[in-house]
Structure formats: structure tokens, C-alpha cells
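Thanks for coming. I have one structure to go through today, and I will keep to what can be read from the coordinates.

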Amino acid sequence: MASNIGSRRRRVFASAPAPVPAAGGEEIAETKNSRRRLEASPAVDAREEATMAYIEAHGGRKDKLLVSSERPRVRVRADALRCLAVPLSRDGPERQITGVLLDAALDLLRRRQAERRRNGRRVLLGSVEEQDWLEYVSSLPPRTTAAHDMSATGAKYLGHDMVLFPVNHQSHFFVAALDVAASEYQILDSSNYGHRFGPKFYDTAMSKIRDGVARCMAAAGRADAGAGGWKLRMVAGLPAQTDDSSCGLFAIKCMELWDGEKLARGFTMDDVHELRRKLAGELIFWELNEMQEVKDEIEFMARKMMMMRSSSSPLRNCGNRVKLATLGGGVCVCY
């Protein structure tokens, strides 16, 4: 049985579908808006703009690795980051982040908050991949407790006061915060799907996860960890998303700020949009990212943009949109 546990599959959500080409008028207007930001807003981070342009250029590639780290092990390819570069005007599936990208963002968050307590609580951040593991544990025959991984996982949970799980159900992300002392799961959802799909939405979404957690804790010696005794409680008054594509980003914000009783600080839809703009750059320029060539190419593009800003000459088009050209292994911005 232990060998089966070691071979559990990794939960990988499909990458966002390829963007649908916009009509010519929208494309030209989009380019004009981009130029206006570059010309009229010198405070705009050129590296951020260059990062978005780079992702747009390579976003259709599943073979282009942009983020790679061994400890923690993180792999993010260009097509997984493409959703962050989709304009806000195109709300829909192509703007939804995948489980791979959400887990990478949580790895970044774990490093920033290492050993930090929230409201005196020791907090453990779970992962989307862990959902797959817990659902697998739930599928094991009853009274299977011999697997070392189960007891180790249970001990890890019991060593913290609060465990935050990102949960994906019916292509929607929300957060389940396990308060170990109170033996309850607090449901943090940006759009309260329970109102849309009925009160059983979260019961269904959490059924196997609760059972997997209970069985791991039982294997670690917590005899009262039966799934039926760990209730679900909806948390009211949380920020609400106003689009159909930002639930994963809301989950990241909740996992960053929830202290077991409240958010450490409030946030708005504008803050979520800002996270969308900045997340790609934070991951690519993460000190643990080993893809130095990618960093160098984006930095080169950013310098070109800064030169353009400092020049009084008007921009010249290479067609309707800003294009990229590869010269000698580097990437430059053509105007």
C-alpha cells in the first residue's frame, strides 16, 4: 500500500486556453492604451511592463520554462503564466490561474512568511497538490494507517494551530482554514458559491479532504479526528470578486492574510488586479528562480523601454501591437 501512496498523481489543471484574437479596433485601442501608460506614467515599472510583454510573446509555448527552482521544487512554464497578461476587458476562462501557478505563488508566500505567527497562531499553508493527496488517502481501505506518509502528514497538521488549504471544486478556488483547536473548517470564499449552487456545494467539495485529514490525524494519534466531527463554517463579510476569473487570486490573498478570526488587513478588487500584474514578475525575479537567461532578457527589454521613455521621439509601430525580436539570444522591443 505504501508503494501506491508514493505513486500518487499530481493534480495539474489545464492551462488557460489560447487567447482569441481580438477585433482590429480593440487591438489598436489596446495598443494605444499601452503606449499612453508608457508615455504618461513614468512611475510605471518598466520591468513589470517588460515582463508582461515577454509573457505575451511566449505565452503560447508549453516548452518554455520561465520559473525553475529545486528547493522548493517549482516549475512554471510560459503557458501557465499567460493568464496574468490577459487584459481585464477579456474576463473569462483564459484569465483563470491554474493550480500550478497558485502553488508557485504559495511557495513564494511560504518563504516570505517563514516562522511568522498570525495572531499568535502557528500557520501551515497547504497546496493544490495536497488536495489530490488527501483525496487519495480518503480512497484507501478503512483502517489503513500503516503508511508513514499518513502519520507524518497528520503530525504536521497537529503541529500547527491553523492549516489553510486551497480547494478547487467545479473549476472554482476557495480556501478552507482548519482551526485545529476548535476542530472546524472555516470556509473563505470570494463569491460564495453556496448561494449559487446550494448549501451542499462545500460539503461535496470538502468531503474527501476532511476524510483524508481525519485519517492522517488518526494515524498520528489524534483519536477524535473523525471527519463527521469537524464542522464547516462559512466566514461572512469577506471581500467579493466582481469578475468570473479571479477566484484563484482571491484564494492567494486569503491565505496570505487570514489569521483565524479576521483578515490581517482588508483588500479590494483593485488589490487583486495589482496581484495579477505583479505575480509574474515576483516569480520570475524570485531569488530562487534559476532561469537567469529569462531574467536577463526581460531586464534588457526594460532598459529599452526606459530609453524610450526618456526620449522625446514618438513611438513607431511594428504593426498594430508592440512586437518582440530575438537578436543573438537576447530579446529587444521594436518600435
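I will start with the chain overall, move to one sheet and its helices, and finish with some side-chain contacts.

Please keep in mind that this is a predicted model. The chain has 335 residues, and 51% of them are buried. Its secondary structure comes to twelve helices and nine strands. The accessible surface is about 16,300 Å², and carbon and sulfur atoms account for 50% of that. If you take the contacts between residues at least 6 apart in sequence, 67% of them join residues at least 24 apart.

Now the sheet. It is open and built from five strands in the order 3-4-5-6-7, with mixed pairing. Strand 3, residues 123-125, and strand 7, residues 231-234, are at the edges; each has a single partner strand, so one side of each has no neighbour in the sheet. From one strand to the next, the twist averages 30°.

Let me go across the sheet pair by pair. Strand 3 and strand 4 run parallel and are joined by three bridges. Within that pairing, Leu124 is opposite Val163, and Leu125 has Leu164 as its bridge partner.

Strand 4 and strand 5 are antiparallel, with eight bridges between them. Met162 in strand 4 stands opposite Asp179 in strand 5. These two strands make a hairpin with two residues between them, and Gln170 in the turn has a positive phi of about 55°.

Strand 5 and strand 6 are also paired in the antiparallel sense, over five bridges. Here Ala176 is opposite Ile187. This hairpin has four residues between the strands, and Ser183 takes a positive phi near 55°.

The last pairing is strand 6 with strand 7, which is parallel and has four bridges. Ile187 turns up again here, with Met234 as its bridge partner in strand 7.

How much of strand 4 is buried? Eight of its eight residues are, so the strand is largely enclosed by the rest of the structure. In a regular strand, side chains alternate between the two faces of the sheet. In strand 4, Met162, Leu164, Pro166 and Asn168 point one way, Val163, Phe165, Val167 and His169 point the other way, and all are buried. Note that Asn168 and His169 are among those buried residues.

Strand 6 gives a comparable list, with five of its five residues buried. On one side are Glu184, Gln186 and Leu188, and on the other are Tyr185 and Ile187.

What packs on the sheet? Helix 10, residues 247-257, does, touching strand 3, strand 4, strand 5 and strand 6. Its direction makes about 20° with that of strand 5.

Next, the aromatic side chains. There are six aromatic pairs in the count. One of them is Tyr157 with Phe165, an edge-to-face pair at 5.5 Å centre to centre and 85° between the planes. Both Tyr157 and Phe165 are buried. In the pair of Phe250 and Phe267, the ring centres are 5.6 Å apart and the planes are at 55°, so this pair is tilted. Phe250 lies in helix 10 and Phe267 in the loop between helix 10 and helix 11, so the pair ties together parts 17 residues apart in sequence. Phe250 and Phe267 are both buried. There is also one aromatic cluster formed by Phe174, Phe201 and Tyr202.

Two rings have a charge over them. Lys253 lies over the face of Phe267, at 5.8 Å from the ring centre. The charged end of Arg47 sits over the ring of Phe285, 3.8 Å from its centre.

One more residue before I stop. Where does Arg222 lie? It is in the loop between helix 9 and strand 7. Setting aside neighbours within four places in sequence, Arg222 is in contact with Leu158, Val180, Ser183, Met217 and Trp230. Ser183 is the residue with the positive phi in the hairpin of strand 5 and strand 6. Arg222 and Leu158 are 64 residues apart in sequence, and their C-alpha atoms are 8.3 Å apart in space.

That is what I have; I can go back to any of these residues on the screen.

Notes. Residues numbered from 1 in each chain as written. Predicted model: local features only at pLDDT ≥ 70, side-chain atom pairs only at ≥ 80, totals over all residues. Heavy atoms only, no water. Pairing = 2+ DSSP bridges. Axes fitted to C-alpha atoms, helices over the stretch in contact; angles between N-to-C directions. Contact = heavy atoms within 4.5 Å. Phe/Tyr/Trp six-rings, centres within 6.5 Å; stacked < 30°, edge-to-face > 60°. Buried < 20%, exposed > 50% of the residue type's maximum accessible area, 1.4 Å probe, protein only. Lys NZ or Arg CZ within 6 Å of the ring centre and 35° of its normal. Areas by Shrake-Rupley, 256 points an atom, 1.4 Å probe, with all protein chains shown as cover.
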